[in-house]
Amino acid sequence: MSSHNDDYLDKLARFVVDTSLEDLAPSTIAAALDVVLDTIGAILGGSRLPENAGFARLALSMGGAGRATIFGHSTGRVQPVFAALVNATAGVALELDEGSRLGGGHPSIHVTPGALAVAEDLDVSGKEALEAVIVGYEVTSRIGTGVRARADVHSHGTWGTIGAAAATARLLGFDVAATRQAMNLSMSMSPANTWTPCLEGATIRNLYPGRSEFQGIMAAYLGQCGFTAVNDGPKDLYSGLLGEGFDPEAVVADWGEKGPVVPLRIERNYTKYHACCLYNHPVLDAALQLQQQDGFSADSVRSIRVTAPPIVRIMANPEPENMLAAKFSIPYALAAGLVGGETGAPAFYSEQVENPGIRQLAQRVELLYDADMNLRRYDYPAARVAITLEDGRTLEGSAAAHYGDSRNPRPRTELLGKFRDLASESLGADRTEQVIATAERLDSLSSIRELTELLGS
């Protein structure tokens with residue numbers, strides 16, 4: 001392999017190889033433990049959907065027996081690539097998986113299912129599994145920072161692939177050169193995804209992170225087989241095919257000799273409490289706060305004007321046809337929140353999507369965009385909302401750091417409550433509490449299987 005003069009990929013690869021929990025702040029470890037628990041909850045909640053139950057059965061018949069658990073199902077253990085594929089797909093289905101505003105996208109759902117599956121297959125310690133999650137998360141988020149994506153490209157599954165490869169390389173004990181190669185291999189295997197399935201509500205979209213996990217894990221093993229990679233996979237992919245440019249310097253802009261000189265990205269994430277696309281969240285926060293302060297009813301609303309980032313122009317359909325499409329409709333999500341006071345998963349179930357009161361209010365939402373709004377910045381509003389009531393008053397509000405963001409954190413009791421809501425149908429109340437207690441000491445488990453064996457139904 002040729003010399004790369006310690007470029008950004010070498011820095012990332014060295015970080016993947018060298019980072020250990022002993023090097024990290026207690027706050028970073030605590031954040032990572034919460035991210036893993038939250039991601040498991042999203043997977044268990046999504047596992048209840050019928051297509052994901054069918055997918056779990058398909059994975060066993062197609063992939064054969066293995067040592068990795070499909071969460072929420074009793075189908076038997078499968079090969080890790082198939083466990084990661086199914087679990088990541090389920091984990092995004094309810095739109096309750098966490099994310100990174102700094103790097104865009106949802107790093108954990110592209111890293112954690114694969115890291116847990118490979119870790120279970122290898123029977124490593126909980127500490128080793130958590131380290132793989134942390135380094136894979138950092139790689140995913142930072143590559144996202146360097147990408148200027150094309151307008152029609154959905155980030156799900158694109159730069160997540162490299163994080164899955166990094167986590168797998170870490171678990172397999174790769175050196176820096178082999179880790180770099182695995183990451184570059186994964187970029188040439190990255191899925192290309194558009195926004196269309198989201199907007200139409202085609203649930204094939206939910207495979208975006210599953211495919212990313214599958215390909216990222218495969219990339220690491222393909223390197224062991226002797227496959228070779230391009231020298232700079234992210235630049236190759238995002239300078240034309242999926243992006244309008246890639247900035248390597250932005251990826252490692254705040255990098256010291258041993259890695260980031262700022263808190264890791266996993267500590268600066270956001271947790272979702274609204275079960276819909278992130279672009280809805282600042283809008284919902286601003287509108288629901290106005291309703292809480294004033295006490296107006298949805299029936300008293302004459303019109304709503306929403307100003308948000310330019311991408312909202314594709315999220316303006318007031319009449320989504322199904323659950324997934326509703327999660328990518330700002331008028332629907334806003335109306336559902338104001339009508340029913342509910343923005344969790346039940347607000348987007350099919351019976352609510354047909355609710356005439358929600359549909360009528362959604363028709364009264366006007367969407368505008370502000371080119372200066374960008375969810376990667378916090379020094380400017382992420383959304384503005386103006387609600388005009390039948391009595392002639394107009395209430396105005398805005399939001400920057402949305403509800404659940406690391407800059408607007410919620411009490412940990414809310415994270416645990418969310419997990420219980422999502423997990424209990426699959427696991428029952430007692431085992432749900434067992435999972436919480438076990439995940440909270442993940443870093444001290446002698447085997448990751450102490451956790452994963454609790455996650456089948």
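This report walks through the cores, strands, pockets and a few individual residues of the structure above. Please keep in mind that the model is predicted.

## Two nonpolar cores

A good place to start is the inside of the protein. The largest nonpolar core holds 81 residues, and the members that touch the most other members are Ile40, Leu130, Ile143, Tyr238 and Leu451. Take Tyr238 as an example. Leaving out residues up to four places away in sequence, Tyr238 touches Ile143, Val147, Thr158, Trp159, Met187, Gly243, Glu244, Gly245 and Phe246. A second core, separate from this one, has 48 residues, including Leu96, Val301, Ala308 and Leu334.

## Strands that pair

Strand β4 covers residues 301-308 and is joined to β6 by 6 bridges, the two running antiparallel. Within that pairing, Thr307 has Arg384 in β6 as its bridge partner. Strand β4 also pairs with β5 (residues 365-369), here in the parallel sense and over 5 bridges. Ala308 stands opposite Tyr369 of β5, and Ala308 is also one of the members of the second core.

Strand β6 (residues 383-389) in turn has 6 bridges to β7 (residues 394-399), and these two strands run antiparallel. Ala383 finds its bridge partner in Ala399 of β7. The hairpin of β6 and β7 has 4 residues between the strands, and there Gly392 takes a positive phi near 95 degrees. If you are looking at side chains along these strands, a general point may help: in a regular strand they alternate between the two faces of the sheet.

## Two pockets

The two largest pockets are set out below.

| Pocket | Volume | Lining by class |
|---|---|---|
| Largest pocket | about 810 Å³ | 17 nonpolar, 8 polar and 6 charged residues |
| Second largest pocket | about 410 Å³ | 8 nonpolar, 3 polar and 7 charged residues |

The largest pocket is lined by 31 residues, and those nearest its centre are Ala149, Trp195, Tyr279, Ile311 and Arg376. For the second largest pocket there are 18 lining residues, with Leu96, Ala345, Pro346, Asp421 and Leu422 closest to the centre. Helix α18 (residues 412-439) gives the most to the lining of the second largest pocket, with 6 residues.

## Around Ala275 and Glu95

Ala275 belongs to the loop between α12 (248-251) and α13 (281-294). Is this alanine buried or exposed? Ala275 has a relative accessible area of 0%, so it counts as buried. Beyond its neighbours within four places in sequence, Ala275 is in contact with Leu94, Glu95, Leu96, Lys327, Thr343, Gly344, Ala345 and Phe348. Leu96 is 179 residues away from Ala275 in sequence, yet their C-alpha atoms are 5.1 Å apart. Two of these contacts, Leu96 and Ala345, also appear among the residues closest to the centre of the second largest pocket.

Glu95 is another contact of Ala275. Glu95 sits in the loop between α4 (80-92) and α5 (107-122). Its phi is positive, about 60 degrees, although Glu95 is not a glycine. Glu95 is buried because its relative accessible area is 2%, under the 20% cut-off.

Asp123 also has a positive phi without being a glycine, at about 55 degrees. Asp123 is placed in the loop between α5 and α6 (126-146). With a relative accessible area of 36%, Asp123 is partly exposed.

## Two buried residues in helices

Which helix holds Asp285? Asp285 is in helix α13. At 15% relative accessibility, Asp285 counts as buried. Apart from residues up to four places away in sequence, Asp285 touches His274, Ala399, His402 and Tyr403. Of these contacts, Ala399 is the bridge partner of Ala383 described earlier. Asp285 and Gly337 lie 52 residues apart in sequence and 9.7 Å apart in space, C-alpha to C-alpha.

Thr438 lies in helix α18, the helix that gives the most to the lining of the second largest pocket. Thr438 has 8% relative accessibility and so counts as buried. Its contacts, not counting residues up to four places away in sequence, are Leu445, Glu450, Leu451 and Leu454. Leu451 is also listed with the residues that touch the most other members of the largest core.

Key. Residues are numbered from 1 along each chain as its sequence is written. This is a predicted model: local features need pLDDT of at least 70, side-chain atom pairs count only at pLDDT 80 or more; totals for chains, interfaces and linings use all residues. Side-chain values use heavy atoms; hydrogens and water are left out. A nonpolar core is a set of buried Ala, Val, Leu, Ile, Met, Phe, Trp, Tyr and Cys residues joined through side-chain atoms within 4.5 Å. Buried means under 20% relative accessible area, exposed over 50%, partly exposed in between (1.4 Å probe, protein chains only). Contact means heavy atoms within 4.5 Å. Two strands pair if DSSP finds at least two bridges between them. On a 1 Å grid over the protein atoms alone, a cavity is a set of points where a 1.4 Å probe fits but cannot get out, and a pocket is an open set with protein on both sides within 12 Å along at least five of seven lines; lining residues have an atom within 4 Å of a point. Grid points are joined across faces, edges and corners, and a volume is the space filled by probe spheres set on the points. Ala, Val, Leu, Ile, Met, Phe, Trp, Tyr, Cys and Pro count as nonpolar, Asp, Glu, Lys and Arg as charged, and the others, Gly among them, as polar.
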